[in-house]
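Please open the model in your viewer and keep the selection panel at hand. The stops below say what to select next and what is there.

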Amino acid sequence: MAKRDYYDILGVSKGSSADEIKKSYRKIAMQFHPDKNPGNKEAEEKFKEAAEAYEVLSSPDKRAQYDRFGHSGMGGNSGFGGQGPGGMRMEDIFQNFGDVFGSDMFGGMFGGGGGGGRRQGTRGANLRIKLKMDFTEIANGANKKIKVKKHIVCDTCGGNGAKDRSSIQTCGTCNGSGQVRKVTSTFLGQMQTVTTCPTCSGEGTSITSKCTNCKGEGRVYGEETLSLDIPAGVQDGMQLSMSGRGNAGERGGPPGDLLLLVEEEKHESLVRHDLDVVYHLHISFPEAVLGMQAEVPTIDGKAKIKIPPGTQSGKIFRLKGKGFPSFQSSYEKGDELIEVNVWSPQHLTHDEKDMLEKLKNSPNFKPGPEAKKERDERGFFDKIKDVFGS
């Protein structure tokens, strides 16, 4: 089943501000909250669907990528853990977006049944890196192994920040719930409010003795080798988001995302133009007149093309399907365009000049209707003159 547009899910337009998106998400999440719709699977799916849409549209980077490429541009990385709404956990939604509602409003209004109380540590920061790719890697997709310096989970304490298991105690203020409930009397009767525990910051536990390796953070700064599968058809400047591959969170908190900025390495002979690649083939005057077989570079190697006799300078030959695949559609692929440039010699011997002088007045050397036809056929070339230059 095709995914619904994220803007439609939240009922906002593409030009909506961050505050408008946040306000709309808050309204929909309150409407379909599981505690208001117990046992209603349809409401639960709508609740998760709205959370997935908000996760993308609330992030400037992910929103820009979605606006440009749609769902296919997310590369399976929308939703917590990249699994989409069906794989999202309620505790992840509350933990990541609880601040949208302020003061644990989910727990305060609905009793905290959705898991909005106790939480793990602070979420890790996103990690942004540049990823260089050559034409072959872009055309075919690639598995890139890269070493990055970032916060990683402390292998001494396993991420909990404690010296040992006995150093972790249940918080005495909230008794492990992560929340503090307060009942006040008003003229309407008693009113209960629920807030995050100020002692444990909502974690439900306290550490009596910190891990000596990470000093209680549950993470250390180190180096990690990442294996990244990059899809075919990416473009220079495109940003890919890998969910959960960024910096480790504090004290067991969820990791941030890895943001990859694609840098396209220049090819020594080919020039990219959208899905097509362009090659300038230089041939001599006799080769243009008599015809020849030329070998030209392609993304994946070399190919031979036939240059027929009488080929004019500026003629464009096409190698079908020798360009880049589309990032959005596996069925669409560009071509390789070969522009023939007839090279005119700048230095001639006396005998060469005499030969050309004799040929200059020959009828076969005077431009005729064929030359005009050739110029008309170059209309296609004019459409991409920004690639070839003047």
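Begin with the open sheet of three strands, whose order is β1-β9-β8 and whose pairing is mixed; strands, like helices, are DSSP runs numbered from the N terminus (E, at least two residues, for strands; H or I, at least four, for helices), and two strands pair if DSSP finds at least two bridges between them. Select β1 (127–133) and β8 (239–242), which stand at the edges with a single partner strand each, so one side of each is left without a neighbour in the sheet. Neighbouring strands of this sheet are turned by 30 degrees against each other on average, direction ignored.

Before going further, note that this is a predicted model, in which local features need pLDDT of at least 70 and side-chain atom pairs count only at pLDDT 80 or more, while totals for chains, interfaces and linings use all residues. Residues are numbered from 1 along each chain as its sequence is written, and side-chain values use heavy atoms, with hydrogens and water left out.

Staying with this sheet, add β9 (residues 258–264), which pairs with β8 in the antiparallel sense over four bridges, and find Ser241 opposite Leu259 of β9. Next select α4, which lies across β1, β8 and β9 and runs at about 120 degrees to β8; axes here are lines fitted to C-alpha atoms, for helices over the stretch in contact, and angles run from 0 to 180 degrees between N-to-C directions.

From α4, move to the aromatic rings, of which a search of the whole structure finds five pairs; rings of Phe, Tyr and Trp (its six-membered ring) pair if their centres lie within 6.5 Å, and planes under 30 degrees apart count as stacked, over 60 as edge-to-face and the rest as tilted. Select Tyr6 and Tyr66, whose ring centres are 4.7 Å apart and whose planes meet at 35 degrees, so the pair is tilted. Because Tyr6 lies in helix α1 (residues 6–10) and Tyr66 in helix α4 (residues 60–69), the pair ties together parts that are 60 residues apart in sequence. Tyr6 is buried, with a relative accessible area of 1%, and Tyr66 is buried as well, at 4%, where buried means under 20% relative accessible area, exposed over 50% and partly exposed in between (1.4 Å probe, protein chains only). Add Tyr7, which forms a tilted pair with Tyr66 at 6.2 Å centre to centre and 40 degrees between the planes; Tyr7 is buried, with a relative accessible area of 2%. Tyr6, Tyr7 and Tyr66 form one aromatic cluster.

Now select the open sheet of four strands, which has the order β10-β11-β15-β14 and mixed pairing. At its edges stand β10 (271–273) and β14 (316–319), each with a single partner strand, so one side of each is left without a neighbour in the sheet. The twist averages 35 degrees from one strand to the next. β14 pairs with β15 (residues 336–343) in the antiparallel sense over four bridges, and Leu319 has Glu336 of β15 as its bridge partner.

Finally, colour the chain by pLDDT, the predictor's confidence in each residue, from 0 to 100. The chain averages 81, and 80% of the residues score at least 70. Select residues 102–116, where pLDDT stays under 50 and the model has 34 contacts beyond four places in sequence, a contact being heavy atoms within 4.5 Å.
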